[in-house]
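Reader: I have a structure to go through with you. Can you take my questions one at a time?

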Amino acid sequence: MRDHLDGERAPGRDLVETGELVAGSMSRAVAGLLFEPGSAAVQLDERLAACLRDAATVAADLPGTWERARAGAALAFAAELAVTRGHQGRTLRRDDFLRAAAGSRSPAERLVESVVRAARSTTEDRRVRHLGYLVAEVAVSPDIDPALAARALRLAESCSWRQLVFLAAVGRRDRAPLPMASLEDEPRAWTAWGAREDLFDLQRAGLLDPPPSVVRPGGAARPKLRPADLRLTRRGVLVHRLLALDFVREDDVATAIAQLALPS
């Protein structure tokens, strides 16, 4: 098999294929799309393909199997969603995002590097899909400048997988209502306590409204917080949108809600 550009099997292709450990067989299809596009059943804009291909080549010498797998999977997920968005009529932006200035790299290249680094360092493999999706979403969103994309990535890196699932749950609350039970009591089980701390940390980080209530000595009782009352803040909307959290599976949402151990 002869690969795109250099006529030989490229090390970057092996990296993307290693992503199969995290992303499944889709990674092999994307490897073909990036490195042998003429034989692929679908097409990806060459500007983004070249950016992902270069990132795969740079990361090809990573030593650890799982670190390689997460890096390759993030690139594969970026390509997968970019193809999907193209089929939906959302083509790549035409500004300078994918254009490199003389002697410099493009904003897209820098973002992909940051995403690959974030994917490599996580130990929660399910986050990798959405880190890759961030690249694709920014690539089709001309209203998102590079600094804002970097901010969204930093916010995403600060969130655990369960916290991202909670953001997904709040983001779809209009079509999948959240529980009305109160979170006011402190559960005895550690799992429930940890899940609630994850939720409260999202409030403290300004990703969810209402913000945590502060009760002064002698003040009124703290109002009850119910999951149904939660809303995404603007920064929460940013993370939800750019990480494409609508794709979080319903069973993951149900599991996270169940871990809150709400009274029936």
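Author: Sure. Start with Trp-193: its relative accessibility is 33%, so Trp-193 counts as partly exposed. Keep in mind that this is a predicted model.

Reader: And Trp-190, buried or exposed?
Author: Exposed. Trp-190 has 69% relative accessibility, above the 50% cut-off.

Reader: Where do Trp-190 and Trp-193 lie?
Author: Both are in helix α10, residues 190-204. They sit three residues apart, about one turn of the helix.

Reader: How many aromatic pairs are there in the whole structure?
Author: Three turn up in a search of the whole structure. One of them joins Phe-77 and Tyr-133, with ring centres 5.9 Å apart.

Reader: Why is the Phe-77 and Tyr-133 pair edge-to-face?
Author: Because the ring planes stand at 80°, and planes over 60 degrees apart count as edge-to-face.

Reader: Which parts does that pair tie together?
Author: Helix α5, residues 65-87, holds Phe-77, and helix α7 holds Tyr-133. So the pair ties together parts 56 residues apart in sequence.

Reader: Phe-77 and Tyr-133: buried or exposed?
Author: Buried. Phe-77 has a relative accessible area of 3%. Tyr-133 comes in at 4% relative accessibility.

Reader: Back to Trp-190 and Trp-193. What are the centre distance and plane angle of their rings?
Author: The centres are 5.6 Å apart and the planes are at 85°. So this pair is edge-to-face.

Reader: Which residues do ring pairs link into a cluster?
Author: Phe-77, Tyr-133 and Phe-247.

Reader: New topic: helix α12. Which of its residues are buried?
Author: Helix α12 covers residues 250-259, and its buried residues are Asp-252, Val-253, Ala-256 and Ile-257. They span an arc of only 135° around the axis, which puts them on the same side of α12.

Reader: What covers them?
Author: The cover over the buried residues of α12 includes α7 (126-139) and α9 (161-171).

Reader: What comes just after α12?
Author: Ala-261 is there, with a positive phi of about 50°.

Reader: Now voids. How many cavities of 30 Å³ or more does the structure hold?
Author: One. The largest cavity holds about 40 Å³ of space.

Reader: What lines the largest cavity?
Author: Phe-166, Ala-169, Val-170, Leu-178, Leu-199, Pro-227, Leu-230, Ile-257 and Leu-260. Ile-257 is also one of the buried residues of α12. The element giving the most to this lining is α9, with three residues.

Reader: How does that lining split by class?
Author: Nine nonpolar residues, no polar and no charged.

Reader: Then pockets. What volume has the second largest pocket?
Author: About 290 Å³. Its lining has 15 residues.

Reader: Which lie nearest its centre?
Author: Ala-55, Val-58, Ala-59, Arg-105 and Glu-113.

Reader: Which elements give two or more residues to the lining of that pocket?
Author: α4 (46-58) and α6 (107-121). The largest share comes from α6, with six residues.

Reader: And by class, for the second largest pocket? How many are charged?
Author: Seven are charged. Eight more are nonpolar, and no polar residues appear in the lining of the second largest pocket.

How values were computed:
Residues numbered from 1 in each chain as written. Predicted model: local features only at pLDDT ≥ 70, side-chain atom pairs only at ≥ 80, totals over all residues. Heavy atoms only, no water. Buried < 20%, exposed > 50% of the residue type's maximum accessible area, 1.4 Å probe, protein only. Helix = DSSP H or I, 4+ residues; strand = E, 2+ residues; numbered from the N terminus. Arc of directions from axis to C-beta. Contact = heavy atoms within 4.5 Å. Phe/Tyr/Trp six-rings, centres within 6.5 Å; stacked < 30°, edge-to-face > 60°. 1 Å grid on protein atoms, 1.4 Å probe; cavity = no way out; pocket = protein on both sides within 12 Å on 5 of 7 lines; lining within 4 Å. Points joined across faces, edges and corners; volume = space filled by probe spheres on them. Nonpolar A, V, L, I, M, F, W, Y, C, P; charged D, E, K, R; others polar.
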